[in-house]
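Please work through the exercises below with the sequence and the structure at hand. Each task is followed by a worked solution.

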Amino acid sequence: MGTFVSASKYRNYLLFLNISFLLAFFGFLILQFYSQQFVLLNTNHTFLRTHKLGCQGLHGLDHYQDKCFYLKSKSPCVHQGYIDYLQLFYCNFGTFPLLGFALLFLWLLVLFYILGNTASEYFCSSLESISSLFKLSPTIAGVTLLSLGNGAPDVFASIVSFAGGGATEVGVSTIVGGASFVSCVVVGVMSIAIRRRSIQVSKSDFVRDIFFLLLAILCLAVILLEKDISVWDSVTFSSIYIAYVVVVYVLHRHSNNSSPESDLTVPILEGVEKGEINTLEEGFVEDCYGTELKKRCCCLRSSPFCVVLVSILEMPLYLPRRLTIPVIFEERWSKGYAVVSVTLAPLLLSTLVNYQIGKGAFSVSQLVIYGVGLLLGLVFGILAFVTTESSCPPRKCLFPWLAAGFLMSVAWSYITAQELVGLLVSLAYIFGINPSILGFTVLAWGNSIGDLVTNLTMALNGGPEGAKIAFSGCYAGPIFNTLFGLGMSLIGYCWSNYPSSIVISKDPYLLQTLGFLAAGLIWALMVLPRRDMRIDGVFGGGLLVIYSVCISLRVFQAFGDAQQDGISSS
């Protein structure tokens, strides 16, 4: 019954997000065509003074008409994303700011859903299939592909922040905020929830993960303190994760040799991940079908139009990805979707490439790229139509299909992360606060809320082994995001400016945040060994207190700085 209710709530949530998407889309569209265009006939001294300050001078203007003209007279203030939210807000919602905030908030929810759902439904599925295809050991797959799947939203948000330049503090703050939320809030809530079960975790694994996470924080603090960051600094920082993978693998082999029934052996992982989780998923799917059948029956009794309406409302967020991401899983196989997806995928990639290489007038090179995308799409579509069957997915030559699914899920995650970071940076300009605080809070919370739900569910329903795996994942994930995700972002950013060094936008409170993150890890390192490595309420409560103090201080400092900036600009 509980699963039935959760399935029903999930379906209602999905409908709400799709309706939010439609409302935001049509609201933006209507106001784009029918909004009043403002032209300033006079230019006052305030405008001239603020125009010299760059985008920060936007806060020195009081009227939305001035801000609209100011934004139209210069290059975009936010380089991430495909929509200029600042111009959209001030030029189209100037007379209706509450409506603008409402639509932007709904669009923010939609973007969070698309990013998380793409990672879970497409990205992780491709990684799992690639792991099975290459027969990777569960340990290596867990610290590499599984961590990549779980941390995909944070990783893509960080890469996008650095790729656009000018929002690097958002990328760093998102990674640090996600690590703080997972290692403090997720671990704290989970510890309090299972405090009466007296779950005992592995001391060696715990100390290993805490050591590498503290090492990552220390290295990140050194990078932030340096004035110039080179490619070799970034490579050295990211290579620490290779050392972590090697240590995990060596300890795993030693554990298997000394104790065949070790907690890290394959049968336990397969039992928890494949057995219990798949059982829950199958039950959830069955209940979803039952829920859908009941709803359809109720709708048919009232009006046949209801079934069509519900199906149409569920399409906006599902259909674009389904038509461009190849899927060859047994339960989701459709030859029609497969042929269309491999045909449209090259066209979508060519569109992204053209947008990145030139945002101005249409050129011959862009036409060539579209032609190549169209040609590849037609060839792939014909091959897929000829070599596949309607009854079952392909059994041979799986790697091209899996690689295509992986590539397109990465493309969709990158598109969504670009839009999400662009929206958050725009909101920071609108509210007059540092974008890093939104990266540390809103973006980190949105990307990590799935970890809270997943790990808490596994800890409560997966037995002692499920709780241990969930607990270990709360530290392995931040290690991956910090060393690999942020490391790859730094390498790409430094390489694009090579041989010159790069300077990360300074956030005066980021080192303070790293200090609180280290304090939470030191608290865990001091408390757990004293309690015989048993997770309890004291341990979890202390982590929640540390995070509460950290987040309260950051928010207070952010709004205090915003008030000072407002006073100085007025």
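The exercises that follow concern a predicted model.

**Exercise 1. Confidence**

Determine which elements of the chain have the lowest and the highest mean pLDDT, and where pLDDT stays under 50.

*Solution.* Step 1: The chain has an average pLDDT of 76, and 72% of the residues score at least 70. Step 2: Among the elements, helix α11 (residues 266-302) has the lowest mean pLDDT, 38, whereas helix α18 (residues 510-530) has the highest, 92. Step 3: Over residues 260-302 pLDDT stays under 50, and the model has 53 contacts beyond four places in sequence for them. Step 4: Residues 1-5 also stay under 50, with six such contacts in the model.

**Exercise 2. The length of α14**

Decide whether the span of α14 agrees or disagrees with the value expected at 1.5 Å a residue.

*Solution.* Step 1: Helix α14 has 24 residues, so the span should be 34 Å. Step 2: The end C-alpha atoms of α14 are 35 Å apart, which agrees with the expected span. Step 3: As to burial, Gln-366, Gly-373, Gly-377, Gly-381 and Ala-384 are buried in this helix.

**Exercise 3. Thr-388**

Establish where Thr-388 is placed, whether Thr-388 counts as buried or exposed, and which residues Thr-388 touches.

*Solution.* Step 1: Thr-388 lies in the loop between α14 (364-387) and α15 (398-431). Step 2: The relative accessibility of Thr-388 is 7%; because buried means under 20%, Thr-388 counts as buried. Step 3: A polar atom of the Thr-388 side chain lies 2.4 Å from the backbone oxygen of Ala-384, and Ala-384 is itself one of the buried residues of α14. Step 4: Leaving aside residues up to four places away in sequence, Thr-388 touches Trp-333, Lys-335, Pro-394 and Trp-401.

**Exercise 4. Ser-341**

Identify the helix that holds Ser-341, and state whether Ser-341 is buried or exposed.

*Solution.* Step 1: Ser-341 is in helix α13 (residues 335-357). Step 2: Ser-341 counts as buried because its relative accessibility is 0%. Step 3: Beyond four places in sequence, Ser-341 touches Arg-322, Leu-323, Thr-324, Ile-325 and Pro-326.

**Exercise 5. The nonpolar cores**

Find which residues touch the most other members of the largest nonpolar core.

*Solution.* Step 1: The largest nonpolar core has 113 residues, of which Phe-471, Tyr-475, Ile-504 and Phe-539 touch the most other members. Step 2: Beyond four places in sequence, the residues touched by Phe-539 include Phe-471, Tyr-475, Trp-523 and Val-527. Step 3: A second, separate core has 11 residues, among them Val-327, Ala-345, Leu-348 and Trp-412.

Note on methods
Residues numbered from 1 in each chain as written. Predicted model: local features only at pLDDT ≥ 70, side-chain atom pairs only at ≥ 80, totals over all residues. Heavy atoms only, no water. Helix = DSSP H or I, 4+ residues; strand = E, 2+ residues; numbered from the N terminus. Buried < 20%, exposed > 50% of the residue type's maximum accessible area, 1.4 Å probe, protein only. Polar contact = N/O pair within 3.5 Å; in protein donor to acceptor, adjacent residues only side chain to side chain. Contact = heavy atoms within 4.5 Å. Core = buried A, V, L, I, M, F, W, Y, C linked by side-chain atoms within 4.5 Å. Expected span 1.5 Å × (residues − 1). pLDDT = per-residue confidence, 0-100.
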